[in-house]
Amino acid sequence: MDTLSHAAADRFVMLASRYLETTGKFNVALAGGGTPRSLYQLLASVEYRGRIDWSGVSFYFGDERSVPQEHADSNYRMARESLLDRIPITREQVFPFETRLDVRKAAAEYARLLQRNLPKADGLPKFDLVLLGMGDDGHTASLFPGTCILHDDRLAAAVYVEKLKTWRLSLTYPVINNADHIMFLISGESKAQVMQQLSQNTESHFPVSRIDARDELLWLLDEAAASTMETTR
Ligand code: 6PG
C-alpha cells in the first residue's frame, strides 16, 4: 500500500502543480472507501504537504454514503480526518454531498453545484482529476453492477444498492468520463479476479470497464490486486 500511495501522491503533486501553474486552479474529486486513506495521509504529511499551493485546490467527492457527515462511514469524514483538516485550506474549498437532504435532493443539488463551479468541456463540467477505487464486484464510485445509475445521464444521482441495502450518492459516467485525468487506486487480493478478467478483456460488464478520461486514465494497483493479471510478454 505504501508504494501505491507514494506513486499516487507523486502523480497527484505533478498534476496539481501543472494545473495550478497554468490555470491557478485544481479541481479534484476524491475517492471514498479505504484504499485512498493512506494517500490522503501522505499528501498531508511533512514529506508532501509543502509541495502543493493548496489555496487553489477545490475538493469534490466521487460518491458518498447516505449518512451524516460526521458518521464513521462518511467518505467526507474520512477525507476530512486524513487530509482536509491537515492542510491549509478553508471550508469554501471543500464541496461534500449535502447528506442531510433527501438523497434525490442531495444528488440534484450536487449536480447544480458542479454546473455552477466547474469549467466546461463539451458542454459538461470538467474535473482536472478524479480519483477512483474499485470494489471486488467491479464497481467504482457508487456505480454498482445492475443498478439504474449506470444508465443515468444526469451529473450526479442517488442509487439504491440492493446488496448493501442502502442508498448511495454518486457522480455518473458523463461527468466522471469528462475529467481530464482519472487515477484508479486499487489494492488487495479481493480485486485480483476482476483485474485478471479486465486484463484478459474477457468481461466488459464490470462498471469500471466503462470508465474513460479525456486525457489520461491511470490504473495504480498494489501487488496483490495485480497478482493474477495477464501481462504482455
Ligand atoms: C465507497 C467508494 C467505493 C470504493 C470501492 C473500493 O464509497 O466505498 O467510493 O467505490 O472506492 O468500494 O473500496 P476500497 O478501496 O476500500 O477497497
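These legends go with close-up views of a predicted model.

**View 1. Helix 1 packs against helix 2.** Let's start with a helix pair: helix 1 spans residues 2–22 and helix 2 spans residues 36–43. Their axes lie 9 Å apart and pack at an angle of about 55°. An angle of about 55° falls outside the ranges for roughly parallel (under 35 degrees), roughly perpendicular (65 to 115) and roughly antiparallel (over 145), and helix 1 and helix 2 are therefore oblique to each other. The crossing of this pair, helix 1 with helix 2, is right-handed. Helix 1 brings S5, H6, A8, A9, F12 and V13 to the contact, where they meet S38, L39, L42 and L43 of helix 2. By class, seven residues of this contact are nonpolar and three are polar, with no charged ones.

**View 2. S5 and A9 are two of the helix 1 residues that meet helix 2.** Here we zoom in on each in turn. S5, in helix 1, has a relative accessible area of 5% and is buried, since the cut-off for buried is under 20%. Beyond its neighbours up to four places away in sequence, S5 touches S38, L39 and L42. A9 is also found in helix 1, and its relative accessibility of 0% makes it buried. With neighbours within four places set aside, A9 is in contact with L39, L42, L43 and Y48. If you are placing A9 in the wider fold, its C-alpha atom is 33 Å from that of L101, with the two positions 92 residues apart along the chain.

**View 3. Helix 2 has buried residues on one side.** The residues to look for are P36, L39, Y40, L42 and L43, which are buried. They cover an arc of only 160° around the axis, so they sit on the same side of helix 2. A reminder may help when reading this view: an α-helix has 3.6 residues a turn, so residues three or four places apart point the same way. The cover over the buried residues of helix 2 includes helix 1, strand 1 (26–30), helix 3 (46–49), helix 4 (75–82), strand 6 (129–132) and strand 9 (181–186).

**View 4. Helix 4 meets helix 2 and has a buried side of its own.** The axes of helix 2 and helix 4 come within 8 Å and cross at roughly 35°. In this contact, R37, Y40 and Q41 of helix 2 meet M78, A79 and S82 of helix 4. The residues in the contact of helix 2 with helix 4 are three nonpolar, two polar and one charged. Turning to helix 4 itself, N75, Y76, M78, A79 and S82 are buried. These residues cover an arc of only 165° around the axis, which puts them on the same side of helix 4. Strand 1, helix 2, strand 2 (57–61) and strand 3 are what the buried residues of helix 4 pack against.

**View 5. Q69 lies in the loop between strand 3 and helix 4.** Strand 3 covers residues 63–65. Leaving out residues up to four places away in sequence, Q69 touches S74, Y76, R77, P96, F97, E98 and T99. For a distance to check on screen, take the C-alpha atoms of Q69 and R80: they are separated by 9.8 Å, and the two residues are eleven places apart along the chain.

**View 6. W167 is in strand 8.** Strand 8 runs over residues 166–171. W167 has a relative accessibility of 28% and so counts as partly exposed, a class that lies between the cut-offs of 20% and 50%. With residues up to four places away left out, W167 touches R65, S66, V103, R104, A158, V159 and Y160. From W167 to N117 the C-alpha distance is 25 Å, with a sequence separation of 50 residues.

**View 7. K165 and D122 have positive phi values.** K165 lies in the loop between strand 7 (156–161) and strand 8. Phi of K165 is about 50°, although K165 is not a glycine. At 55% relative accessibility, K165 counts as exposed. D122 is in the loop between strand 4 (120–121) and strand 5 (124–125). Its phi is near 55°, again a positive value in a residue other than glycine. D122 is exposed, with a relative accessible area of 67%.

Notes. Residues are numbered from 1 along each chain as its sequence is written. This is a predicted model: local features need pLDDT of at least 70, side-chain atom pairs count only at pLDDT 80 or more; totals for chains, interfaces and linings use all residues. Side-chain values use heavy atoms; hydrogens and water are left out. Helices (H or I, at least four residues) and strands (E, at least two) are DSSP runs, numbered from the N terminus. Buried means under 20% relative accessible area, exposed over 50%, partly exposed in between (1.4 Å probe, protein chains only). Contact means heavy atoms within 4.5 Å. Axes are lines fitted to C-alpha atoms, for helices over the stretch in contact, and angles run from 0 to 180 degrees between N-to-C directions. A crossing is left-handed if the near helix is turned anticlockwise from the far one by less than a right angle, and right-handed if clockwise. Ala, Val, Leu, Ile, Met, Phe, Trp, Tyr, Cys and Pro count as nonpolar, Asp, Glu, Lys and Arg as charged, and the others, Gly among them, as polar. The arc is that of the directions from the helix axis to the C-beta atoms.
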